[in-house]
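Work through the exercises below with the predicted model open beside you. Each task is followed by a solution that goes step by step.

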Amino acid sequence: MDRVGDHSTVTPAHNKPENIPEYIDGFSTLAQQRLLEMLDLLREAAPGAVENLKWGQPALSYKWILFQFAAFTNHISLYPTPSVVKAFESELKGYTTSMNTIQFPLDQPLPAELIRIIAAYRVQEAAKGVKWM
């Protein structure tokens, strides 16, 4: 099932996911594929991280949140920290970004190597005490 709207991952209360697999199952096949790819890339960078939903979106955490990610109608968003988005500003020129968000078009393959580098940077940043938002 596709979620409605470009800026929402809200589902009806009776369909509210309780974990990451349920969250992923609520999307189209293509979005599921991209979400699983994102999860695998983030797991590589943060082995042993706690995986759960924060504010209804998948999150990986050690002492605090490392990153969240989410699917939307036309893109997959990765939420590292503002400092990470700023650090990779030049590498992210072809993507829509905001202060703490990176959007990857759903109809294009995820830039796996870039996501690996960004995720590893965020894990190192967190180890130095930089908290999420």
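**Exercise 1.** Determine which residues touch the most other members of the largest nonpolar core, and which element supplies its largest share.

*Solution.* The largest nonpolar core has 41 residues, and among these M38, L42, F67 and L78 touch the most other members. Turning to the elements, α1 (20-25), α2 (29-45), β2, β3 (65-71), β4 (75-79), α3 (82-87), β6 (102-105) and α4 (112-127) each supply at least two residues of this core. The largest share, seven residues, comes from α2. As a last step, take F67: leaving aside residues up to four places away in sequence, its contacts include L42, L78, P58, A119 and W132.

**Exercise 2.** Describe how strands β1 and β2 are joined, and find the residue with a positive phi in their hairpin.

*Solution.* Strand β1 (residues 50-54) and strand β2 (residues 57-61) run antiparallel and are joined by five bridges. Within this pairing, N52 stands opposite A59 in β2. Two residues lie between the strands of the hairpin, where W55 takes a positive phi near 55°.

**Exercise 3.** Classify the aromatic pair of F88 and Y121, and decide whether each residue is buried or partly exposed.

*Solution.* The structure holds three aromatic pairs. For F88 and Y121 the centres are 5.2 Å apart and the planes make an angle of 85°, an edge-to-face arrangement. The pair links distant parts of the chain, since F88 lies in the loop between α3 and β5 (96-97) and Y121 in helix α4, 33 residues apart. Because its relative accessibility is 7%, F88 counts as buried, whereas Y121, at a relative accessible area of 35%, is partly exposed.

Methods. Residues are numbered from 1 along each chain as its sequence is written. This is a predicted model: local features need pLDDT of at least 70, side-chain atom pairs count only at pLDDT 80 or more; totals for chains, interfaces and linings use all residues. Side-chain values use heavy atoms; hydrogens and water are left out. Two strands pair if DSSP finds at least two bridges between them. Helices (H or I, at least four residues) and strands (E, at least two) are DSSP runs, numbered from the N terminus. A nonpolar core is a set of buried Ala, Val, Leu, Ile, Met, Phe, Trp, Tyr and Cys residues joined through side-chain atoms within 4.5 Å. Buried means under 20% relative accessible area, exposed over 50%, partly exposed in between (1.4 Å probe, protein chains only). Contact means heavy atoms within 4.5 Å. Rings of Phe, Tyr and Trp (its six-membered ring) pair if their centres lie within 6.5 Å; planes under 30 degrees apart count as stacked, over 60 as edge-to-face and the rest as tilted.
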